[in-house]
Amino acid sequence: MSFINYMAREINCKLVYYGPGLCGKTTNLQYIYERTNPEAKGKMISLATETERTLFFDFLPLSLGEIRGFKTRFHLYTVPGQVFYDASRKLILKGVDGIIFVADSQIERLEANQESVENLRTNLAEQGYSLEKIPYVIQYNKRDLPNAVDVAELRSLLNPMGVPDFEANARSGVGVFDTLKATSKLVLQELKKGAP
Amino acid sequence: MVNPQMVMYEEEFTQIQTVVDRLVREANARVVFIVDKNGQLISASGEVDNIDTTSLASLTAGNIAATGGIAKLLRENEFATQFHEGENANIHIQLVGNRVILVVIFDSKSSLGLVRLRVRKASDELTRIFEALLNKVREPGGDSPFAEITDEDIDNLFND
């Protein structure tokens with residue numbers, strides 16, 4: 001849930017990168033971190049295992065600029081993708097303003113993608129949110145790999161609602177900022193809608 | 001949405017900052033800060049220049065969330081207090097009104113007993129301030145900086 005601070009003239013929002021294990025959530029954040037001006041970003045924190053798998057979350061604070069005198073700040077989080085970290089995923093979804101689902105385009109990960117979307121739906125519902133109402137964007141990652149499934153097929157499986165979606169290769173950065181921008185925009189539009 | 005949106009106004013911010021500033025002095029603390037449960041920093045006081053408060057805020061909230069998860073598994077309501085002792089710095093974390101987190105960082109110039117005592121008093125005051133703030137936010141007709149922004153304003157933010 002966004003936090004509007006009239007004193008500091010700031011608006012803070014929380015975005016969460018969701019998706020199956022090894023789909024590239026952390027890689028998205030790393031790319032954003034590397035390519036953002038130092039004054040617009042804070043430190044990136046990764047709570048990871050010794051083998052660099054996300055254990056709890058990654059965190060990256062970003063400033064996007066000002067709207068009508070209010071600084072807009074986005075806090076980017078990733079969830080741990082591995083199935084058995086479900087309790088942690090639920091915690092990280094608390095207070096979320098927008099979700100980016102990172103799908104792994106590889107054919108052998110089709111089922112893992114679908115399970116992860118279902119898991120997202122369930123965990124959101126537990127907190128009274130729904131995927132239909134929350135700002136939601138899908139990223140088809142690893143488009144560069146030879147075993148990537150056609151986007152049309154991924155779309156029919158993962159995006160029946162027709163939310164904004166992007167092809168990406170997070171390692172080289174293709175589609176990373178497009179996905180982030182689209183989500184941030186949806187979040188701000190949602191806040192505008194919610195304004196009295 | 002499940003919870004009302006967190007909004008901070010000047011009046012309540014000043015009250016909160018007064019409590020936090022006083023707590024730094026009375027507890028002989030190095031730093032005191034308040035974070036909302038989602039990891040947004042609300043207020044800080046003390047030697048904040050040497051500390052990455054944004055990261056601390058996010059990690060503290062993650063810590064409280066994880067501990068809250070453990071409490072739920074044990075059918076406890078919440079573990080409201082945490083204390084971590086280091087070689088040079090200690091950190092006392094207190095959940096206030098089940099909504100915000102009060103963090104006190106202190107060294108050998110203070111003691112756990114003193115910090116606990118002062119935190120208890122500050123918690124009561126903060127609970128009252130945040131309750132009043134939440135009631136204010138729930139009132140209909142409050143203004144929002146978003147009421148006047150246009151789609152164009154949003155687009156402009158993303159122009160490279």
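**View 1. The surroundings of A:Tyr17 in this predicted model.** Setting aside neighbours within four places in sequence, A:Tyr17 is in contact with eight partners that you can pick out one by one: A:Lys25, A:Asn28, A:Leu29, A:Leu76, A:Tyr77, A:Thr78, A:Ile100 and A:Val102.

**View 2. The largest nonpolar core.** Zoom out from A:Tyr17 and you meet a core of 52 residues. A:Tyr17 is among the residues with the most contacts inside this core, together with A:Val16, A:Tyr18, A:Leu76, A:Ile100 and A:Phe101. Helix 5 of chain A gives the core its largest share, seven residues. A second core, separate from this one, has 36 residues, including B:Leu23, B:Val100, B:Phe106 and B:Ala122.

**View 3. Where chain A touches chain B.** Here 38 residues of chain A are in contact with 35 residues of chain B. On the chain A side, two or more residues come from each of strand 1 (3–5), strand 2 (10–18), strand 4 (54–67), strand 5 (70–78), helix 2 (86–93) and helix 5 (176–194). Look to strand 4 of chain A for the largest share of this side, seven residues. By residue type, the chain A side divides into 20 nonpolar, 11 polar and seven charged residues.

**View 4. Strand pairing between the two chains.** Strand 1 of chain A, one of the elements on the side that touches chain B, pairs with strand 1 (residues 6–8) of chain B. The two strands run in the parallel sense, and three bridges join them. To find your place in this pairing, start at A:Phe3, which stands opposite B:Met6 in strand 1 of chain B.

Notes. Residues numbered from 1 in each chain as written. Chains lettered and ligands numbered in written order. Predicted model: local features only at pLDDT ≥ 70, side-chain atom pairs only at ≥ 80, totals over all residues. Contact = placed C-beta atoms within 7 Å. Helix = DSSP H or I, 4+ residues; strand = E, 2+ residues; numbered from the N terminus. Nonpolar A, V, L, I, M, F, W, Y, C, P; charged D, E, K, R; others polar. Pairing = 2+ DSSP bridges. Core = buried A, V, L, I, M, F, W, Y, C linked by C-beta atoms within 7 Å. Buried ≥ 20, exposed ≤ 12 C-beta atoms within 10 Å, placed from the backbone.
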